[in-house]
Amino acid sequence: MNVVVVELQSRLCEESKKADKMEFEYKRLKEKVDTLQKEKERLRTERDSLKETIEELRCVQVHQGQLTAGLIPMNSQEASDSLAAEIITPEIKEKLIRLQHENKILKLNQEGSDNEKIALLQSLLEDANRRESELETENRLANQRILEIQSQVEELQKALQDQGSRAEDCGNWKPLICLKTMWILRDMYE
């Protein structure tokens, strides 16, 4: 009966430790997910901002195309060319090309980054599960050893009680049994 109680207590202790560890692991992973969600939201905002900038530049480009196509009548070809040159400057063209390129890179990076983060989280979860399994095995072995030692201690105590109930000339056994009990207890707590 005592062994069953000890075993149940050890199981309860083991399950408590397991629950605590899982709760800690859950909190840690939740923090990582929150961080990733914030990063994702930041990238979405940046992407939307870039989309708006590109749309504005496209509108400017369309408007400039209308001006250069002759929708606004000019007296001479030189006046038309100078107006188009003022509106479509090399800086605007350069900025438009650069923004389109940055937008493509950001889209590619966002897709790759999400996949990398998912793979990293999966790897961390697998490592945590493997470590948990190892610790459970170690804990089981330690609990088995404790039960063995407790059984030995009970046997020695029983032997000591039996020796105490016998004649006084058997008193030489008491110190040996006490010494052996102390060794087993010392081993148990190390």
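## Spaces between the helices

In the second largest cavity, the lining is made up of two nonpolar, one polar and two charged residues. Please keep in mind that this is a predicted model. Rolling a probe the size of a water molecule over the atoms is a way to show where empty space is left. Here is a quick tour of a cavity and a pocket.

**The second largest cavity**

- The count of cavities of 30 Å³ or more comes to two, and the second largest has a volume of about 30 Å³.
- Its lining consists of Leu43, Glu46, Arg47, Leu106 and Gln110.
- Two elements, helix H1 (2–68) and helix H3 (90–165), each give two or more residues to this lining.
- Helix H1 gives the most to the lining of the second largest cavity, with three residues.

**The largest pocket**

- Turning to the open spaces, the largest pocket holds about 160 Å³.
- Around the largest pocket you will find Val33, Leu36, Gln37, Lys40, Asp114, Lys117, Ile118 and Leu121.
- Here, too, H1 and H3 are the elements that give two or more residues to the lining.
- By class, the lining of the largest pocket has four nonpolar residues, one polar residue and three charged ones.

**Taking the two together**

- H1 and H3 are the elements giving two or more residues to the lining of the second largest cavity, and H1 and H3 are likewise those for the largest pocket.
- One polar residue belongs to the lining of the second largest cavity, and one polar residue belongs to that of the largest pocket.

Methods
Residues numbered from 1 in each chain as written. Predicted model: local features only at pLDDT ≥ 70, side-chain atom pairs only at ≥ 80, totals over all residues. Heavy atoms only, no water. 1 Å grid on protein atoms, 1.4 Å probe; cavity = no way out; pocket = protein on both sides within 12 Å on 5 of 7 lines; lining within 4 Å. Points joined across faces, edges and corners; volume = space filled by probe spheres on them. Helix = DSSP H or I, 4+ residues; strand = E, 2+ residues; numbered from the N terminus. Nonpolar A, V, L, I, M, F, W, Y, C, P; charged D, E, K, R; others polar.
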